[in-house]
Each structure stands twice: as structure tokens, then as C-alpha cells.
Amino acid sequence: MIGSSPDMDHLTAVPQIFRFRRRSEATDIMRIPAGARHIVLHVEEGARVAVAGNFGPSEVEAVLEEGAHLEILRVARADGISPCVSHFKARLAAGSCLRSFFFTRGESGVSDDINVVLEGAGAGVFLNGLHLLAGEAKAESTTNIEHAAPSTTSDQLYKCLLRDTSYSLFNGRILVRREAQLTNAYQLNKNMLLSTQARADTRPELEIFADDVKCSHGATIGHMDHDQLFYLQTRGIDKAAAGEMLTNGFVEDVVDRISDPRLKNEVQRSLR
Amino acid sequence: MLNIKDLYASVDGHQILKGLDLSVKAGEVHAIMGPNGSGKSTLSKIVAGHPQYTVDRGSIEFEINGAMTNIAAMEPDLRAREGIFLAFQYPVEIPGVPTSEFLRSSYNALARHHGLAEMDPLDFDPFIREKMKVLEMDEKYIDRAVNVDFSGGEKKRNEILQMAVLNPRLAVLDETDSGLDVDSMKIVAHGVNVLRTKRNAMVVITHYQRLLNYIKPDIVHVLYQGRIIKTAGPELALQIEEKGYDWLIA
Ligand SMILES: Nc1ncnc2c1ncn2[C@@H]1O[C@H](COP(=O)(O)OP(=O)(O)OP(=O)(O)O)[C@@H](O)[C@H]1O
Ligand SMILES: [Mg+2]
């Protein structure tokens, strides 16, 4: 990795560009500098890299050349006053793979949007998100995926655990262009409401112009499952512990999708 | 150890059990048969304490510390810690919760209640593997989420594994044989039989006499429209296999 950060105050919107050289494999996780507002990650042909960062309001752009692999963990760092607004854009060349995990917790508002264009054949994107909301937090996640080449894959799982009077909105748009035959596109948004006043909305939007496509989307919004609770209780586990097991399980299910063990560990540690 | 008297019970306002009596003593195995929809699973859920089902009349007593105790208002987890176990007709999937962790939490909940030592993962691992061997279960299940991606038969086996971990005084097995192939059924029946002692009791709900060749009951009941309409010895199961229920209902 070469950080070609311009020698300037990085609180300005001038992008800091990070290049990952052809076929290189970064052994360490690349940390995005705190306070960075505009980042460009350029992953050259065949390079593999894992990136993590705690973000305030920010913009991240990723360019994946052929066969490149990028896994990125973005943790929204909210200041508790103003909502944290972040953007993530990515362009994927043939055979490249992007894995993204967006994580927020707490009582601050968050608004994140992700735009991914699958430009090359066989490219794949895995977008996962986890919001643990409390108080009056409002979280809005927007994902916009454009399948512009054949045999491309997108797979999304967004989960939200809502306490108190928190609110979550998930907008998931999938566009499959006519030339993107043999596309696989999956989208799932699951919301668990832990109070009677928490709310969630989900708005899938599918536009499909190719005919040979596998596409599915689903959403659930509900309270803790009574049958699951009962099942655990019949095994001697008291209601409070059973509830905790179920919420942990709900969360673990998506955390488990992080493929880099170090990144996964980082999220798991911050959950404890 | 279990004494149900004149039980009326309902779910979502529907009266399902209508004057049911059942008395089970330590060391006994009871079989309950009956047509679809007669209330067998309802009975099992009532005994386990499902909050959605309400007892409208009658009583359910279970022996706790040597005394028959009304358990109608007792939480399901406390009933389980006191020794009641239900093997579900439709076991529930719990995504994200590893089977090993679930089983250990369950074991430890009972151990704590009875003042016994809890097990850490290192102690628990050989303990659970031993039990899995009896049920000829592949070790890979232990790392999977509870019942997630288990086949129908594997789920049923997992229920009996849980029974082996908890070693209950009263086990209600709701159609544990449904969905099991012949070989699996023998293995599961063996798994149940090794848990059979003079101090515990079982209520086996089934549609098929075949299971009762392997788990031999002392008493067979027929449940119909929310009541026990016939009680006899093991020969009753054979008669039902041959003649169905019509002759009993008429
Ligand atoms: N939540 C519910 N609301 C209304 N009716 C219910 C509910 N749950 C069960 N029932 C009804 O209660 C009756 C008894 O159901 P139950 O599951 O106890 O039958 P069963 O004897 O176990 O049948 P099977 O042999 O098919 O398993 C059925 O008619 C069923 O439709
Ligand atoms: Mg039933």
C-alpha cells in the first residue's frame, strides 16, 4: 500500500488516495486515518486488502480493478449531536469482489448511502449492515446496486435491533441492466423491535431489464419471536437470558458474514 | 409424578382440551395416540407451560421435592429446571445461536438450580460428544446454529440429544418418530431407552405403533376431541394400527 495523501490538512475535502499495488496482498488491516473526510481506495488488478475505519461524516470511494478483493468495515462514529452522514461509492471491474460491513450503535442518528456499480463480468458485492439503535436514534441506510455486466452477484443483509423510540429506514434499490444476464441479486432486511415504540420501514425497489436473472428480496419487521423464546425456556433458560441469547443470535448471524477474521473479531469485541 | 385432572384449556379463544385426565407415575411410559387435531400437541405445550395456552379449568400437578405441586402458573423455564422436558413435534430454529452454546447454557441453568457444578466449554465438550455418539450424530451439528440447516430427522435427533443433556424426570415426546427413517428411528428409540429409569417417566405421543415396538409403553391412551376416551395396555396400539379410530369413537 502506498498512501499518497496530499500534504494538506485532511479535514478539507481534498481526497486522500490510497493505492494497493497490482497482485499485492496486504498483511495488515489498513486503517483509515481518523478525521478523514474523503478517501479514495484504488485496488489494482488482483490485489487483496482489508480496510477498517471509524467514520464521522465522510465519503469513501473504491475502485476495484480486475480480480481485486476489498473488504471494508465502516463503523459510524456519531458525535451524539448531529446525525452522521456518510457515503460509499464503488466501481467493480470483472471478477472483482467487494465485501462491505457498516456498523452503527447507540443513540445518535446515522444516514449512510452506498452506490455500487458492477461494471465487469463476474464481479460480486456483499453488503452487510448492522444497526443497534436506542433512545431516539434514527438510522437511514440506502443501498443502490447497479448490475451492468453479465454474471454479476449482489448479496445484502441488513439487520437492525431497535430499542426505545428508535427508528430505522432501509432503502434498497437494485437495477439490473439489459446486458447483465445471469445476474444473482439478493436482498434481505431484518428488523427486531425490542420496545413497543420502536419502528422500522423497509423500501425495496427492483428494476430488472434482463430476462435471465435470479433476484429476491425480503424484509421482516417484528418483535422477538415467541416460539423461539418458549423453546429456549423449555430448556431451562430463564426469559431474560433467553431474550439475550436471541438478540445475540440475531446480531451474530450478520456479523458472521464478515470474512476477514480480524475484522470480525473487531466487531465482536465492540459488541461485548 | 404428573396428575392432570379435568383439564380445560384454550388457545386464542379456541377450547381445545375439554376435560382431560391423565396420571403418570415414576417409572412408567405412557403412549398417547389420536387423530390429527385431537389436542395432543396442545396437551404437551400446556404441560411445558406455553404462555399462549390458557388453563380454563381443572389442574396440572407435578411432583416437586416430593410434593404434588400445581404448576399451572409456573414459568416454562422453571418447569424445565424442575425436570419437565418437551421434545417438540416441530423443533424451532434459532439462527445465530450455536448448538454447543445453547446446550451448555441449558445444562448450566439446570445445574445452577440444583446446586451442582456448572461446566465450562472444556468440560462440556467431551460430555456432549459422548451423548452425540449414542445418538450417532455427526459432530458437525454442534457448531451449527440450533436446528438451522438441520434436516427434519436431524432436528428430531437434536431434541433427544437435549433430553439426554437435561436428563428430565418427565419427558413428553411429541411425534419424535415422525420424519425419521427406519434406522434413525431405532437409533433415537435406543437413545430414549438408555435414559429410561425407575425414577423418571415418559409420555410418548405418536401416530404409529411401530415406535412402540422400540419404546415399549406400559399404558396407551387415545385422545379424541380434547379428552382421553380410552386407556388400556400396549395391545391398544396394535388394535388402532389395524382398525383405526372409528370403533373407539362410535
Ligand atoms: N393457535 C391456535 N388457534 C386456533 N386453533 C388452534 C391453535 N393451535 C392449535 N389449534 C387447533 O387445536 C386443535 C388441536 O391441535 P393440536 O396441535 O393439539 O393437535 P394434534 O393432536 O397434536 O394433531 P397432529 O396429530 O396433527 O399433530 C386443532 O384443531 C388445531 O387446529
Ligand atoms: Mg401434534
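In chain A, eight strands make an open sheet with parallel pairing, in the order β3-β5-β7-β9-β11-β13-β15-β17. Strands here are DSSP runs of E with at least two residues, helices are runs of H or I with at least four, and both are numbered from the N terminus. Two strands pair if DSSP finds at least two bridges between them. Strands β3 (30-31) and β17 (213-223) of chain A sit at the edges with a single partner strand each, so one side of each has no neighbour in the sheet.

Before we go on, a note on the model: it is predicted, so local features need pLDDT of at least 70, side-chain atom pairs count only at pLDDT 80 or more, and totals for chains, interfaces and linings use all residues. Residues are numbered from 1 along each chain as its sequence is written, chains are lettered from A and ligands numbered from 1 in the order in which they are written, and side-chain values use heavy atoms, with hydrogens and water left out.

**Inside the sheet**

Let's look at some of the strand pairs. Strands β5 (residues 48-55) and β7 (residues 69-76) of chain A are joined in the parallel sense by eight bridges, and A:A52 stands opposite A:L73 in β7(A). Helix α2 (residues 239-255) of chain A packs on the sheet and touches β9 (97-106), β11 (124-133), β13 (153-162) and β15 (183-193) of chain A. Contact means heavy atoms within 4.5 Å. The direction of α2 makes about 155° with that of β13(A). Ten bridges hold β13(A) and β15(A) in a parallel pair, where A:K159 has A:K190 of β15(A) as its bridge partner. Next, β15(A) and β17(A) run parallel with eleven bridges, and A:L188 is matched with A:G218 in β17(A).

**The magnesium ion and helix α1 of chain B**

Which protein atoms are donors to the magnesium ion (ligand 2)? They are OG of B:S41 and OE1 of B:Q89, lying 2.0 to 2.1 Å from the ion. Donors are N, O and S atoms within 2.8 Å of the metal (3.2 Å for Na, K and Ca), and sites may look incomplete because water is not among the atoms. The two residues are 48 residues apart: B:S41 is in helix α1 (residues 40-48) of chain B, and B:Q89 is in the loop between β6 (84-87) and β7 (94-98) of chain B.

B:Q89 is buried, with a relative accessible area of 16%. Buried means under 20% relative accessible area, exposed over 50%, and partly exposed in between (1.4 Å probe, protein chains only). Helix α1(B) is largely enclosed by the rest of the structure, because seven of its nine residues are buried. Among them are B:L43, B:I46 and B:V47. Just after this helix, B:G49 takes a positive phi of about 95°.

**Loop residues of chain B**

B:E136 and B:D149 have a positive phi, and here are their values.

| Residue | Phi | Relative accessibility |
|---|---|---|
| B:E136 | about 50° | 54% |
| B:D149 | about 60° | 61% |

B:E136 is not a glycine, and neither is B:D149. Are they buried or exposed? B:E136 counts as exposed, and so does B:D149. You'll find B:E136 in the loop between α4 (121-134) and β8 (145-146) of chain B, while B:D149 lies in the loop between β8 and α5 of chain B.

Definitions and conventions:
Axes fitted to C-alpha atoms, helices over the stretch in contact; angles between N-to-C directions.
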